[in-house]
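Notebook open, coffee ready. I want to look up how this structure is put together, one entry at a time.

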Amino acid sequence: MAITFKGGIHPPENKHLSEKKAIEILPPPQEVFVLLSQHTGAPAKPIVKKGDKVRMGQKIGEAAGFISANVHSPVSGTVKKIDDVPHFTGKFSPAIVIENDGEDTPAEELTPHSDWQNLPRDEFAKIAAEAGIVGMGGAMFPTNVKLSPPKDKPIDNVIINGAECEPYLTADHRAMLEFPEKIIEGTQMIAYALGAERIIIGIENNKLDAVARMTEAAQGKNIEVIAVKTKYPQGAEKQLINALTGREVPSGGLPFDVGCYVQNVGTAMALRDAVVEGKPLIERITTVSGTIVAEPKNLLVRVGTPIKNLLDAAGGTNGEIGKVISGGPMMGLAQWTLETPVTKGTSGVLFFPPEDAKLGEETNCILCASCVDICPMRLMPTTIAHQAKAGNFEIAKKLGAMDCIECGSCSYVCPANIKLLHYIRWAKSEIRKMK
Amino acid sequence: MADKYYVSSSPHISSGVSTKTVMWSVVLALIPALLGSIYFFGMRALWLTLLGVAGAVVSEAVVELLSKKPLTIGDGSAVITGILLAFNIPPGVPWWMPVVGASFGIIFGKMVFGGLGNNPLNPALVGRAFLMASWPVEMTTKWIAPRGGSIPAIATKIDAITGATPLGVLKNFVGKTLADPNASPEKIAQAKQVLHSMYANWTNLFFGNVGGVIGETSAVLLIVGFVYLLVRKFVDWRIPLSFIGTAAILGWIFGSPEGMFKMNVLFYIFSGGLMLGALFMATDMVTSPITVKGRWIFGIGCGILTAVIRRWGGYPEGVSYSILLMNLAVPIINRHSMPKKFGYKK
């Protein structure tokens, strides 16, 4: 049996809708909306103004602080304005709006390094920072920060995350099938930069074709490609580390506390493109799917493309749209408009009919303990939710509310339709306020 | 910005398993045992069970109507209480007893605490305890001989035991005779013969050819229903396993009036209400622990109490009181059996 972690669930995968569809290039739209906040941390500071001519790949927003990231123009053209646009979190957020001239004139600001094996180890974090690379699995944490771990936290395991455990999403799957060499090269760079001894690529065993392709590409490169059990949230950082190495990231800690570094396959590929081709992160592979999408697809899209364009490319929907999700159905964010632009972390956009939009009404907890049995962090979700409802946030904290990774498995299994994760999130925000 | 889509926090999908699904599956799982009971005890078993269900459902509805709360009788939980209450009474009782027992269980065992999910005790067992305390004669003598068999599940002409269930014979005839210093050697030999005859006929208990309360008669049909729930993952196997396992071990060691290690374990586990209690009442989600470790503790506790009551208590059987006592211990068990959180040392 394939290795895995303790707990978890197995929702219907629904990857068949798009997993056989080769990646198609979506031409950039007339206007792109480049959000300044596409990463964990401070929004980037715009360094262009209305009327400026910009080239494709030109830096237009600068990292504002240690945890922040540069943003680049995904097209060539003219800055039309800097204005608030719908952000995937539901708020409005400033974006640089660029009128696309359709030329894709490159800026060539980054130096390509085909001989990267000769670069100093700390150069990779610098290139990642310059190229605006952030985690593309959804968390969008700046990669350069991760590539510079504290000196007293040596990394011995580099783990590349090809689990893609969210239902419907197939972007990483397609990347592994179509660009395995690029991913392997990016992986080698990360391991080289960190001086790690062991390099593992973890892929869920519902993608055995990807396991085979990656194994082939990793041949003779001291990289282990391991098939892990298909179980949600296998791709969650802590759970993947646990499955592959047996280690447990301590409460409140980070992977480097147990000598591990985890990066999504798409990010490894983006790092490789930045180093070898001098390409900043301005495009990504995204799955457009859901039960009502006419032709589910995997698209290579420019950052800043409104999700409306992605839906059009997938042939629109059969019937009325009830819910739009940026990301997967377990951890993704519901969208109120199709004007939301794609960011560096948009792993997929999903569309569902009105009848699937709303989950059932909450009824009494019957203490069935389904949530306790499956919590991958081994918490007691129903107990935390009970305490939160009673306003006992101190107790919720003691019960480990802050350790919750917000995977949503508890809400998924609850027969009483209790929005357990919702209550735990609320507890977390109240606990943060107590400090 | 004319777009309007439903926005909510993640996750956006759910398993589709609802409380209703779980509860009605439990009802379905109890049907084989009910059919067995109808076969062995006649249509009375069905009518009494339906009266129990009616009592439970109507009293839940009345309480909710009076307190202007939404009606929850469709969720199936009151139906389960009604069936289980009826399963816990002898088939020869008057018709009103399941109605009164189920109503008491629902009103004072469930609704006063706020309805499903908030009750500390299994409502069916609350109802049963009320009936036991109020009409002890009916509750302990109104047995009916099963079709083609006898109440003690053995053929005998001894008047003192023809109307008693196997555990009643064990405690009140065999147990008292063997403990009596003035008993004649013939009487002792007779008691031992009866005991060994019951051991030898344990298959009658397994298949249901034995007197007892409505639901406990056939162990195999209870197991069939339980396996269905197990396959559908609507029940935990740890509580029944630890409950029956503990009772079996303690019964084997101390259970026989003949002395230590003399009990026939198969007779011990298939007699009385152990199967019904361990498979369907101790496993009630609401009143059993939510932690994995807690479920082991709960089952072991039920097993110990059952063995102790059977051997040294006043009643021949102790399953239902054991479960009620352990129900009360659930909050403290939960508190002391929390799982080791991911990323913590201890």
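**Entry 1: the two chains.** Before counting anything, I fix what a contact is: two residues are in contact if their C-beta atoms, placed from the backbone, lie within 7 Å. I also note that I am working with a predicted model. How many residues of chain A are in contact with chain B? I find 53 residues of chain A in contact with 33 residues of chain B. Next I look up which elements of chain A give two or more residues to that side, and they are strand 15 (323-326), strand 16 (333-335), helix 13 (409-413) and helix 14 (420-434) of chain A. Sorted by class, the side of chain A that touches chain B has 30 nonpolar, 16 polar and seven charged residues.

**Entry 2: domains of chain A.** The domain assignment splits out domain 1 (117-277) and domain 2 (370-434) of chain A. I get 29 Å between their C-alpha centres. In the contact between them, domain 1 of chain A puts in six residues and domain 2 of chain A puts in five residues. On the domain 1 side I note three nonpolar, two polar and one charged residues.

**Entry 3: domains of chain B.** Here I have domain 1 (20-141) and domain 2 (159-336) of chain B, with C-alpha centres 22 Å apart. The contact takes 31 residues from domain 1 of chain B and 27 residues from domain 2 of chain B. Which elements supply at least two residues each on the domain 1 side? They are helix 1, helix 2 (43-66), helix 3 (77-87) and helix 5 (123-134) of chain B. Helix 1 of chain B gives the most, with 11 residues. I sort the domain 1 side into 22 nonpolar, eight polar and one charged.

**Entry 4: a strand covered on both faces.** I click on strand 13 (residues 283-289) of chain A. Seven of its seven residues are buried, so strand 13 of chain A is largely enclosed by the rest of the structure. On one side I list Glu283(A), Ile285(A), Thr287(A) and Ser289(A), and on the other Arg284(A), Thr286(A) and Val288(A). Which way does strand 14 (residues 297-302) of chain A pair with strand 13 of chain A, parallel or antiparallel? The pairing is antiparallel, over six bridges, and one pair I can point to is Arg284(A) with Val301(A). Strand 17 (residues 348-352) of chain A runs parallel to strand 13 of chain A and is joined to it by three bridges. There, Thr287(A) has Gly348(A) as its bridge partner.

**Entry 5: a helix with a buried face.** For helix 5 (residues 208-218) of chain A, I write down the buried residues: Ala210(A), Val211(A), Arg213(A), Met214(A), Ala217(A) and Ala218(A). Why do they line one face? Seen down the axis of helix 5 of chain A, the buried residues fall within an arc of 170 degrees, so they line one face of the helix. A reminder to myself: an α-helix has 3.6 residues a turn, so residues three or four places apart point the same way. The face turned away from the buried side carries the exposed residues Leu208(A) and Glu216(A). The cover over the buried residues includes helix 3 (171-178), helix 4 (180-194) and strand 10 (198-204) of chain A. Just after helix 5 of chain A, I spot Gly220(A) with a positive phi of about 70 degrees.

**Entry 6: the core.** The largest nonpolar core has 244 residues, and those touching the most other members are Val34(A), Ala128(A), Ile159(A), Ile203(A), Ile384(A) and Ile424(A). Its largest share, nine residues, comes from helix 1 (residues 19-41) of chain B. I follow Ile424(A) a bit further: leaving out residues up to four places away in sequence, its contacts include Pro381(A), Ile384(A) and Cys404(A).

**Entry 7: an open sheet.** Four strands of chain A make an open sheet in the order 2-8-7-4, with antiparallel pairing. Strand 2 (31-35) and strand 4 (53-54) of chain A each have a single partner strand, so one side of each is left without a neighbour in the sheet. Between strand 2 and strand 8 (residues 92-100) of chain A I find five bridges, with Phe33(A) opposite Val97(A).

Terms used:
Residues numbered from 1 in each chain as written. Chains lettered and ligands numbered in written order. Predicted model: local features only at pLDDT ≥ 70, side-chain atom pairs only at ≥ 80, totals over all residues. Nonpolar A, V, L, I, M, F, W, Y, C, P; charged D, E, K, R; others polar. Domains from an automatic or database assignment. Buried ≥ 20, exposed ≤ 12 C-beta atoms within 10 Å, placed from the backbone. Pairing = 2+ DSSP bridges. Arc of directions from axis to C-beta. Core = buried A, V, L, I, M, F, W, Y, C linked by C-beta atoms within 7 Å.
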